[in-house]
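Hi,

Here is the structure I promised to pass on. Have a look at it first, and then read on for what turned up when I went through it.

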Amino acid sequence: MSEPRKIVIVGAGLAGATAAGTLRERGYAGEVLLLGTDTHRPYELPPLSKGLLMGKADEPDWVHDEGFYGEKDIAFKSGVTATKVELGARLVHDDAGGEHRFDRLVLATGSGPRSLPVPGGDLPGLRTLRTLDDALALRSAFKDAGRVVIVGAGWIGTEAAAAAREHGAEVTVVDQVGSPLLAVLGEQVSGVFKGLHTEHGVNWRLGEGVAGFTGGSDGVTGVRLKSGDELPADVVLVAVGAAPRAGLAHAAGLELSDDGGVCADAGLRTAAPDVYAIGDIAAHFHPRYGKRVRVEHWSNAKWQGEHVAGNLLGENEPYLRSPYFFSDQYDLGCEYRGLADPGRDELVVRGDLAARDFTAFWLRDGQVTAAMNVNQWDDGDALKALVEGRAAVTAEQLRTADLSTLG
């Protein structure tokens with residue numbers, strides 16, 4: 001494979017910006033064009049729902065310093081949206097009228113917040129949390145709000161609930177599930193997070209669906225539940241997950257996965273020659289799991305951005321990393337590695353759930369599918385080795401043995 005003359009990267013989030021930077025770090029001397037819809041330079045998303053939302057920071061973690069793109073001769077165009085890809089002509093069109101030819105193309109268009117298709121779902125003032133501007137506006141709203149209703153008890157919803165309580169707002173979280181984070185953590189571990197938020201004054205309306213939002217032209221004023229109850233609110237945040245922004249790829253003729261991601265092989269290549277997909281949109285075949293995996297965490301975006309740079313330059317290496325993410329809520333910090341199925345895997349707890357000082361393992365067929373350390377920070381390398389090494393272990397070993405000897 002000869003070195004390409006020009007690489008176009010569509011999407012200037014963490015994945016795309018990391019790919020551009022890594023290309024230069026690896027000595028690529030050809031043209032690099034980075035197109036991004038956000039008017040800000042590339043930044044990481046986790047601080048938006050954590051430190052920045054709580055008021056502990058005023059800026060996100062920028063992917064690179066402000067002068068980086070010019071210094072590295074990366075043509076970075078912000079506030080520009082790619083509107084069409086012609087695969088045969090190797091051409092990207094944008095909404096500013098630009099046409100950009102490529103030898104290799106990276107699609108890193110990320111994901112966007114889902115909405116609720118209910119009456120009032122288009123009312124002004126309904127908030128989502130996905131961008132820096134979203135976070136700054138929501139933080140300001142939390143400071144002035146008496147009552148906050150958050151629809152969605154996932155990671156964004158629970159982190160936002162913690163931030164709103166830090167600002168002194170009365171908070172109610174609504175979700176159809178019976179416990180926060182249930183699908184990811186299972187009943188026992190999700191109960192730890194439910195108890196944590198309850199202790200900090202969060203009100204729960206779990207097992208209840210949203211029938212609509214109330215308000216008018218001046219904005220949303222409340223949430224109406226399917227039970228008939230109405231929750232008045234000064235601020236309503238909809239945090240019901242994110243959807244991959246795969247419309248550009250789909251319109252170009254690329255195959256999508258069942259969950260709406262862009263299908264890619266183990267090396268992050270799509271079926272179209274010289275076209276790659278990374279980050280939130282990439283539904284890539286993961287050799288470790290023997291199936292397509294699509295991950296929306298920051299680490300996946302960063303690591304896939306680094307990895308794809310090598311394959312763009314002629315390597316043919318599969319992407320093998322396991323998912324990783326972290327969360328901070330009140331005085332609880334945690335890290336999660338792997339990909340568990342709580343409905344199928346055996347939960348093994350090392351430590352004290354009630355004290356929120358433990359490591360949870362999910363075990364299947366004698367191997368650790370995932371591990372999450374909660375307020376414990378000494379075993380990160382050992383947990384990574386257990387998840388990625390697939391060593392044969394027992395539940396008793398996970399509870400009592402030196403973890404560094406098991407991987």
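R356 and E199 meet through their side chains in a salt bridge, with 2.9 Å from N to O. R356 sits in the loop between β23 (346-352) and β24 (357-364) and E199 in helix α6 (residues 182-199), so this pair ties together parts that are 157 residues apart in sequence. The two partners sit in quite opposite settings: R356 counts as buried, at 14% relative accessibility, whereas E199 counts as exposed, at 58%. Before you go further, please keep in mind that this is a predicted model, so every distance here is computed from it.

How many salt bridges are there by this rule? The count comes to 18, and a couple of others are worth pulling up on your screen.

One is D274 with R90, where the closest N and O atoms are 2.8 Å apart. Why does this pair tie together parts that are 184 residues apart in sequence? Because D274 lies in the loop between β17 (262-264) and β18 (275-277), while R90 lies in the loop between β4 (82-86) and β5 (91-94). Both ends are partly exposed: D274 has a relative accessible area of 23%, and R90 has 27%. There is also a third residue to click on here, as R90, R104 and D274 are linked in a network of salt bridges.

Another is R205 with D229, with 2.7 Å between the closest N and O atoms. This pair links distant parts of the chain, 24 residues apart, with R205 in strand β11 (residues 203-206) and D229 in the loop between β13 (219-225) and β14 (230-232). D229 counts as partly exposed, at 37% relative accessibility.

Now for an arginine without such a partner. R288 is in the loop between β19 (282-286) and β20 (291-293). As a general point, side chains of opposite charge can pair when their charged atoms come close. R288 is buried yet has no salt bridge. The nearest side chain of opposite charge is that of E388, 4.3 Å away, and the cut-off for a salt bridge is 4 Å.

So what does the R288 side chain reach instead? One answer is the backbone oxygen of L320, at 3.4 Å. Another is S322: the side chains of R288 and S322 are joined by a polar contact of 3.3 Å.

R288 also turns up in the second largest pocket, which has a volume of about 420 Å³. This pocket is lined by 15 residues, and the closest to its centre are R288, Y289, L339, R364 and T369. Strand β25 (residues 367-374) gives the most to the lining, with 3 residues. By type, the lining of this pocket divides into 5 nonpolar, 3 polar and 7 charged residues.

Last, the enclosed space. A search of the whole structure finds 1 cavity of 30 Å³ or more, and about 30 Å³ of space lies in the largest cavity. Which residues line the largest cavity? They are H284, H286, V293, V295, N300, Y319, R321, S322 and P323. You will recognise S322 from the polar contact with R288. The cavity lining divides into 4 nonpolar, 4 polar and 1 charged.

If you only have a minute, start with R288, which is buried without a salt bridge, and then go to the R356 and E199 pair.

Cheers

Notes:
Residues are numbered from 1 along each chain as its sequence is written. This is a predicted model: local features need pLDDT of at least 70, side-chain atom pairs count only at pLDDT 80 or more; totals for chains, interfaces and linings use all residues. Side-chain values use heavy atoms; hydrogens and water are left out. On a 1 Å grid over the protein atoms alone, a cavity is a set of points where a 1.4 Å probe fits but cannot get out, and a pocket is an open set with protein on both sides within 12 Å along at least five of seven lines; lining residues have an atom within 4 Å of a point. Grid points are joined across faces, edges and corners, and a volume is the space filled by probe spheres set on the points. Ala, Val, Leu, Ile, Met, Phe, Trp, Tyr, Cys and Pro count as nonpolar, Asp, Glu, Lys and Arg as charged, and the others, Gly among them, as polar. Helices (H or I, at least four residues) and strands (E, at least two) are DSSP runs, numbered from the N terminus. Buried means under 20% relative accessible area, exposed over 50%, partly exposed in between (1.4 Å probe, protein chains only). Lys and Arg count as positive and Asp and Glu as negative; His and the chain ends are not counted. A polar contact is a pair of N or O atoms within 3.5 Å; within protein, one must be able to donate a hydrogen and the other to accept it, and residues adjacent in sequence count only if both atoms are side-chain atoms.
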